[in-house]
Amino acid sequence: MNFRYATPQDVSALVRLQNESHVSNISQQHLGDGFLNTVLNEKQLLNAINHQQAVYVAEFDNKIIAMAVCACWQFWYLSSSMKNIAKNIHNIKVVGGNLTETNSLFWGPVCVSRQFRGQGIFASLFEYARTQSSAQYRYIYTVIHQANRRSRSAHINKVLFVNKGALSIDQQPFTQLVRTAR
């Protein structure tokens, strides 16, 4: 297993992996295995790769089997929903004060290819991304759809995010999670 920064050559594989994991492409029977609500397009991924160094991948046999984005808030201004979250991030209390756009990163989307789930790849990919980005930022923040129990459980139980309450995004229920970056 190899963990690394994504490159522009990875973009088509990243889009494909996200689409395979998107809620609209998963049967009702497999929703319990986890899903994505958001898919970053090629342009957004290239921006995150080239200007942010914020896309991380796990490879097995030279094939990308997992990906995660962990980017600063300015990157996420591409979405009005994310811009609103950033504007209100200071309302979340953490040890030592509150979250801010300068002391935290947003983690997601994150996905692991279905056939590789349950093997510790999520936790290893998170640890790799965390160590790459922890020097500048103190906290990592994410939101997970409340129906995505597998993802919420992995974030809380495997990589120790803390539940910071509910949040509605586009009339959908999400859970806010935070953990230290260091």
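Start by selecting T142 and L177: T142 stands opposite L177 in strand 9. Strands here are DSSP runs of E of at least two residues, helices are runs of H or I of at least four residues, and both are numbered from the N terminus. This is a predicted model, in which local features need pLDDT of at least 70, side-chain atom pairs count only at pLDDT 80 or more, and totals for chains, interfaces and linings use all residues. Residues are numbered from 1 along each chain as its sequence is written, and side-chain values use heavy atoms, with hydrogens and water left out.

**Strands 7, 8 and 9**

Extend the selection to residues 139–145, which are strand 7, and residues 172–180, which are strand 9. The two run antiparallel and are joined by 7 bridges; strands count as paired if DSSP finds at least two bridges between them.

Keep L177 and add N163, which also stands opposite L177 in strand 9. Now show residues 162–169, strand 8: 6 bridges join strand 8 to strand 9, and this pair runs antiparallel.

**The turn at D170**

Strand 8 and strand 9 form a hairpin with 2 residues between them. Select D170, which is in the loop between strand 8 and strand 9. Its phi is positive, about 50°, although D170 is not a glycine. Most residues other than glycine have a negative phi. D170 counts as exposed because its relative accessibility is 61%; the cut-offs are under 20% relative accessible area for buried, over 50% for exposed, and partly exposed in between, with a 1.4 Å probe and protein chains only. For a distance across the model, add H51: its C-alpha atom is separated by 28 Å from that of D170, and the two residues are 119 apart along the chain.

**L160**

Go next to L160, in the loop between helix 6 (149–158) and strand 8. L160 is another residue other than glycine with a positive phi, near 65°. With a relative accessible area of 56%, L160 is exposed.

**G108 and P109**

Select G108 and P109 and look at the peptide bond between them: the bond from G108 to P109 is cis, with omega near -5°. Most peptide bonds are trans. P109 lies in strand 6, residues 104–112.

**T131 in helix 5**

Move to residues 121–133, helix 5, where T131 is found. At 41% relative accessibility, T131 counts as partly exposed. Add F60: the C-alpha atoms of T131 and F60 are separated by 21 Å, with their positions 71 residues apart along the chain.

**The whole chain**

Finally, select everything. The protein has 6 helices and 9 strands. Its radius of gyration is 15 Å, close to the 16 Å that the globule rule gives for 182 residues, so the protein is as compact as a globular protein of that length. That radius is taken over C-alpha atoms, and the rule is 2.2 Å times the number of residues to the power 0.38. The C-alpha trace spans about 45 × 35 × 30 Å along its principal axes.

Colour by accessibility: buried residues make up 49% of the 182 residues. The protein exposes about 9,100 Å², of which carbon and sulfur atoms supply 47%. Among contacts (heavy atoms within 4.5 Å) between residues at least 6 apart in sequence, 68% join residues at least 24 apart.

Key: Areas by Shrake-Rupley, 256 points an atom, 1.4 Å probe, with all protein chains shown as cover.
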